[in-house]
Amino acid sequence: MKQENTSFAEITKRETGLQRHLSRRQMTMIALGGAIGTGLFLGSGFAISFAGPSVLISYAIGAVIALLLIASLAEMTVAHPGSGSFGALAEHYVHPLAGFLIRYAYWAANVLVIGTEVTAIALYMQFWFPDSPGWLWIGGFSACLVVANAMSVKVFGTIEYWFSSVKVIAIMAFILLGSYLLISAPAARDIGFHHYVSHGGFFPKGGWGMWLAVIVALFSYLSIELIAVAAGEAENPEQAITGAFRSALLRLVIFYMLTLALVLAIVPWTRAGQDKSPFVSTMEALQIPGAAGVINFVILVAALSAMNSQLYAATRMLFSLARGGFAPAGLGKLNRQGSPMRALILSCAGIAIATLLSVIYPSNAFMLMMAISMFGGMFTWFMIFVTHYFFRRSWDRAGRDRLAFRMWGFPWLTLIGAGLMLALMITTAFTQEFAMTLATGIPFLIVLCIFYFVRHRR
């Protein structure tokens with residue numbers, strides 16, 4: 001038991017040097033910043049097209065999976081707070097290969113999700129400048145966020161706090177305004193809950209369509225796990241982590257479920273299409289002067305916020321890989337502000353990919369980037385459940401003290417979470433929209449395994 005604790009202490013010690021400046025409020029907003037972004041404001045349009053009104057069930061299933069994941073992560077992270085937390089945990093409790101794979105998969109997922117966010121930013125800007133090239137906005141906004149991430153983590157936390165605050169205030173205003181209009185709108189406005197069943201029923205695409213939309217729902221919830229990555233830079237890790245996990249998940253479920261319920265009641269699901277955010281379509285349907293432009297601005301801020309968070313996550317995970325000897329050592333070096341600058345520069349690869357795709361496939365770039373990026377995020381969530389299973393068994397077998405935060409329903413709820421994630425990954429192979437998820441993800445894992453064993457043998 002002593003050797004096991006020392007082993008994990010050595011893993012954590014590798015990643016020293018990062019500054020602990022993130023408060024509990026900033027930790028909560030970082031999680032919200034990553035998860036309330038393109039997945040909600042633009043991706044929800046794709047989910048609605050898959051499922052119709054039954055998308056509410058899809059997002060509820062996604063919320064249940066996220067709840068189980070949050071509980072598992074909170075228990076492990078409180079026990080072992082540190083940068084690259086779940087990668088280090090998988091390395092220690094499952095196998096070094098598991099830690100290697102989960103870190104690289106999560107890094108790749110965030111790099112590619114950065115591409116989806118920046119692609120969406122170009123779409124949002126074309127709301128005001130329809131003839132402008134997407135690459136112009138991609139390059140300009142990306143440069144600003146790279147500079148922000150190159151500064152100290154305190155600067156990053158402050159920027160993300162205010163970015164996320166704008167989103168939270170805007171969503172609350174949207175909920176209040178939508179609720180008021182839903183109650184007070186005259187019959188001539190054709191607004192009401194009858195839209196849930198009047199356009200092909202509640203399940204217009206059947207149970208399969210509802211299940212497919214869970215994939216998009218998970219894409220929306222991805223980044224809630226970012227709190228575990230940021231734990232190594234929190235001022236009071238145990239309090240910050242447990243408080244941030246609970247409040248972030250509660251707000252996410254309320255925001256997602258209420259806003260989608262209102263959107264579907266105000267705009268028929270057949271009109272909440274993929275060409276623009278369903279939130280913009282909703283404000284246009286309400287015929288409030290200038291409201292569509294305001295909500296488009298909020299959505300732009302949301303995308304910038306999510307991109308900012310994901311760039312942070314990718315940088316810290318690559319830093320963790322470098323300090324563990326799984327990536328070039330130079331990527332683990334910090335600048336004067338305590339930021340891993342070289343890891344940050346390499347993590348901008350998703351921006352370059354998005355820029356290229358926006359030029360080659362301007363109309364399909366977002367969906368293609370989302371499909372490719374899904375594998376890394378889904379694999380990471382699956383492995384977090386697997387790691388939690390091994391973690392709890394090891395902890396209980398060693399007869400250690402009671403955990404400060406304890407996941408309920410172990411082992412069944414942990415196994416259910418892992419099973420749902422595995423089922424959703426398999427589902428992507430049977431869809432046209434997500435055909436690239438496993439087609440790119442499995443070869444990526446194979447290449448990583450070959451690289452790991454060749455390096456290990458040497």
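1. Helix axes here are lines fitted to C-alpha atoms over the stretch in contact, and angles run from 0 to 180 degrees between N-to-C directions. With that in hand, α5 and α18 pack at an angle of about 130 degrees, and their axes are 10 Å apart. An angle over 115 but not over 145 degrees counts as oblique, so α5 is oblique to α18. The crossing in which α5 passes α18 is left-handed.

2. Which residues make the contact between α5 and α18? On α5 they are Ile65, Leu68 and Ser72, and on α18 they are Leu413, Thr414, Gly417, Leu420, Met421 and Leu424. Sorted by class, this contact of α5 with α18 has six nonpolar residues, three polar and no charged ones.

3. The model is predicted, and confidence should be read along with the geometry. The protein chain has a mean pLDDT of 78, with 78% of its residues at 70 or more. Among the elements of the chain, helix α18 (residues 412-427) has the highest mean pLDDT, 94, and helix α1 (residues 2-13) the lowest, 53. Over residues 1-6 the pLDDT stays under 50, and the model has seven contacts beyond four places in sequence for this stretch.

4. Helix α5 (residues 55-79) also meets helix α10 (residues 206-221): their axes come within 8 Å and cross at roughly 50 degrees. The two helices are therefore oblique to each other. Here α5 passes α10 in a right-handed crossing.

5. The α5 side of the contact with α10 consists of Val55, Ile57, Ser58, Tyr59, Ile61, Gly62, Ala63, Ile65 and Ala66, while α10 supplies Met210, Ala213, Val214, Val216, Ala217, Leu218, Ser220 and Tyr221. By class, the contact of α5 with α10 has 14 nonpolar residues, three polar and no charged ones. Ile65 of α5 is listed in the contact with α10 and also in the contact with α18.

6. A third pair is α7 and helix α14 (residues 291-323), whose axes come within 8 Å and cross at roughly 155 degrees. Angles over 145 degrees count as roughly antiparallel, so α7 and α14 are roughly antiparallel to each other. Their crossing is left-handed. The contact of α7 with α14 divides into 23 nonpolar, four polar and two charged residues.

7. The count of aromatic pairs comes to 20. One of them is Phe100 with Tyr104, an edge-to-face pair at 5.1 Å centre to centre, with 65 degrees between the planes. Why are Phe100 and Tyr104 separated by about one helical turn? Because they are four residues apart in helix α7 (residues 96-125).

Note on methods
Residues are numbered from 1 along each chain as its sequence is written. This is a predicted model: local features need pLDDT of at least 70, side-chain atom pairs count only at pLDDT 80 or more; totals for chains, interfaces and linings use all residues. Side-chain values use heavy atoms; hydrogens and water are left out. Angles under 35 degrees count as roughly parallel, over 145 as roughly antiparallel, 65 to 115 as roughly perpendicular and the rest as oblique. A crossing is left-handed if the near helix is turned anticlockwise from the far one by less than a right angle, and right-handed if clockwise. Contact means heavy atoms within 4.5 Å. Ala, Val, Leu, Ile, Met, Phe, Trp, Tyr, Cys and Pro count as nonpolar, Asp, Glu, Lys and Arg as charged, and the others, Gly among them, as polar. pLDDT is the predictor's confidence in each residue, from 0 to 100. Rings of Phe, Tyr and Trp (its six-membered ring) pair if their centres lie within 6.5 Å; planes under 30 degrees apart count as stacked, over 60 as edge-to-face and the rest as tilted.
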